[in-house]
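Visitor: Please show me the model, and then take me through its cores, its cavities and one of its sheets.

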Amino acid sequence: MCCCTTSPRPRSASSGSIPVADPALWWRRLALTLAAAAALPAHAIPSFTEVRQDFRPSDTLVLSQEGEVVQRLRTDATVRRGQWVPLADISPALRAALVLSEDKRFYEHSGVDWRAASAAAWGNLWNQRTRGASTITMQLAGLLDGDWRQGPGGRSVVQKLGQTVAAQVLDRRWRKDQVLEAYLNLVPFRSELVGIDALSRTLFDKAAHGLDDREAAVAAALVRAPNARPALVSQRACGVLRDLQQRPGQAAARVDCDALDLFVTAALQRRAFGASEGMAPHFARYLLRQQQAVPGAAPVPEQVASTLRAPLQRFAVQTLAQHLRELQGRNVEDGAVLVLDNATGAVLAWVGSSGQLSQAGEVDGVQALRQPGSTLKPFLYAQAIAERRLTAASLVDDSPAHIATAGGLYIPQNYDRQFKGWVSARTALAASLNVPAVRTLVMVTPDAFHRQLGALGLPLRESGDYFGYSLALGSPEVPLLHLTNAFRTLANGGNRGPVRAWPGQPGAAPVRAIDAGAAFIVGDILSDGNARSRTFGTDSVLATRFWSAVKTGTSKDMRDNWAVGWSQRYTVGVWVGNASGAAMHDVSGSSGAAPIWAAVMGFLHAREPSRVPTAPKGLVRQAVQFGPLQAAPEGAAPLPLEAAREEWFVPGTQQARFAIDAGPADDAVAAKRGTSPLRAAPATAETADEAPSARILAPVPGTIIALDPDIPPERQRLQFVASGGRDLRWRIDGREQGRGARSAWPPWPGRHQLELVDARGKVHDTLQFEVRGAGVRAAGASPPARR
């Protein structure tokens, strides 16, 4: 009996066979014979530099002026690629794991592992299962050229030979480290993930340089079978991890495959690589849309330079979030901030939402349409001044108005029916009085003002007739972006220019939108703290230590709150509200957007001055005096409507004195206008028993008072005025609220019954009125106790 091993009989040389003892030589000769069919395209392999330059991540990085990444935004939905990672920034463990798993003789062969190829061919000849012979270099050749890429049925003989030749060309032209670097950045790992940066950030939530042995083993296992079941990935990763632990100089450790299986299952389910990351997501989307809209625009690049200032953007984001947290409990969760450079129109900061504080963080508050409220008034007064209908010193009547319209009477109201009588246009605009603004619009006409707003770039979808006289109070909807740029027009002397998001952005030349003199006068008014004090007080948050002009605004039902203004170099716009349109609770112009505006302006001018602008040529500055409304009592000094001052005028409109020639006014008229009667009351010797019956002069029965949310609540008062009687007391809903013929009451939302009684409790007059405004208390709730 013979004990020996047998092998197939070798074929003769005449039959074209080679000795079985040298299969590698047979394989090499066959490859060289057929290589000519694929040699020409193989020599078209690109260089490493060309591959690196042609690489395009699925994300675009938006850079600030300082070169800092302010936003990473996904721009390719077909694949998930991260940034190109240099080999030096890839974990050594991953490099070792990949070579051990895919190509153990990577650093020894010349692109093709002939030993492995011959073993694989021999195994295939005898239907033996062997390890694949495809090297990392050959796989890279398939990634670089689609001709060598494996299809559903595997590669054809020509493809395999072309891939073999291409791998050898690659090995001669590229260094080994370049081959490995390119492969790790181009290889598909799982599902849509391509490249090591996308894999490590998605599955392991870290950069590629931080992968440990276990994570590297999983990554290497995914190269061989990207979409395999977790159990198979875990099994292969366990084998790779064992090989890693057995490397020379590596401390021996037992591999716990059960624990690795749990780790793999969790990793394959993780999706940590968000589609967007940074502090300017809304601006990044706006920037890329604008760039792609330019005719002949190139594909979205890997990096995009922008006009943003990273420190300013960061401060604006933090300030908005901090202030909204301070307003917790007042039903306000959204806001937006925009900062423009006056000279260039460059966007220096763009905060579209409050981020995690919002339930609609994807909504861009800078571009959303919202009602601007009183922030449209500066443009109205600028138009009236330019058309010589008004001057800053002109007197406007702040008294009840009934304006006939096609739909009936339009009756504008101030915040508490405390009409101030005749006031200058400067006071009316700075103090944000509603009735004078409507009277001004009557002079200008809604259609003309609508055209003026269009010239400023405000996108109004309806006509002037559609809005009517409510146009003066900000009834249309406009975006913060366009509103802020319109205020920038005032800052630039009436010249409107485009907003720019990146350096060198093409755009139209500035155009004249407002008369330069009128724009300057409006800016002077909005910077006047004394004129503003009648509504906001002298210690308002709007008062800055440097020159600035600002206007606040609040839409009806307190849904939107604004503060927009400018300094010598910057224009800042702030909106606060709710993306859902829900009303805020007790958020006024001085407590909503204004503190954010003041903080951002303070940051901009922490080390940069803001000087008073120079008046344009031709404007006239003249001292003015204001005459009394009527004759003063005998022996008393006249009572001027406003203090004497110097005022700016458009040429031809200046005058030294402004007065109203009015006849005697009775107590009721004077009281309703908020002024004291100027006639001396005759002395009487009446006793309490002989006192005439008293009556209520103001308010009148059925009055509906609409609170102005643009005015700080503590400054709002409803005036009660009575005539006749003595020792009068005012009772609201059965509770005493004041004494005397005149009394001021802080209005409280709801329906109320007002009673005028004397010291003995006798009711002389009674009426009902209603106060409307945001934050109306629930039915049956009582107002807070007065202190």
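Guide: A nonpolar core is a set of buried Ala, Val, Leu, Ile, Met, Phe, Trp, Tyr and Cys residues joined through side-chain atoms within 4.5 Å. Buried means under 20% relative accessible area, exposed over 50%, and partly exposed in between, with a 1.4 Å probe and protein chains only. This is a predicted model, in which local features need pLDDT of at least 70 and side-chain atom pairs count only at pLDDT 80 or more, while totals for chains, interfaces and linings use all residues. Residues are numbered from 1 along each chain as its sequence is written, and side-chain values use heavy atoms, with hydrogens and water left out.

Visitor: Which helix gives the most to the largest nonpolar core?

Guide: The largest nonpolar core has 78 residues, and Phe 283, Phe 379, Phe 449, Leu 453, Ile 514 and Ile 521 touch the most other members. Helices (H or I, at least four residues) and strands (E, at least two) are DSSP runs, numbered from the N terminus. With seven residues, the helix that gives the most to this core is H21 (residues 516-526).

Visitor: Is His 109 buried or exposed?

Guide: His 109 sits in the loop between helix H4 (92-102) and helix H5 (114-125). Leaving aside neighbours within four places in sequence, its contacts (heavy atoms within 4.5 Å) are Asp 103, Thr 135, Thr 137, Asp 171 and Lys 176. Because its relative accessibility is 10%, His 109 counts as buried.

Visitor: Which element gives the largest share of the lining of the largest cavity?

Guide: On a 1 Å grid over the protein atoms alone, a cavity is a set of points where a 1.4 Å probe fits but cannot get out, and lining residues have an atom within 4 Å of a point. Volume is the space filled by probe spheres set on the points, which are joined across faces, edges and corners; the largest cavity has about 50 Å³. Helix H16 (425-430), helix H22 (529-536) and strand E16 (549-554) each give two or more residues to its lining. The largest share, three residues, comes from E16.

Visitor: In the sheet with the order E20-E19-E21, which strands stand at the edges?

Guide: This open sheet of three strands has mixed pairing, where two strands pair if DSSP finds at least two bridges between them. Strand E19 (residues 620-626) and E21 run parallel, joined by two bridges. Each edge strand has a single partner strand, so one side of each is left without a neighbour in the sheet; these are E20 (645-649) and E21 (657-658).

Note on methods
On a 1 Å grid over the protein atoms alone, a cavity is a set of points where a 1.4 Å probe fits but cannot get out, and a pocket is an open set with protein on both sides within 12 Å along at least five of seven lines; lining residues have an atom within 4 Å of a point.
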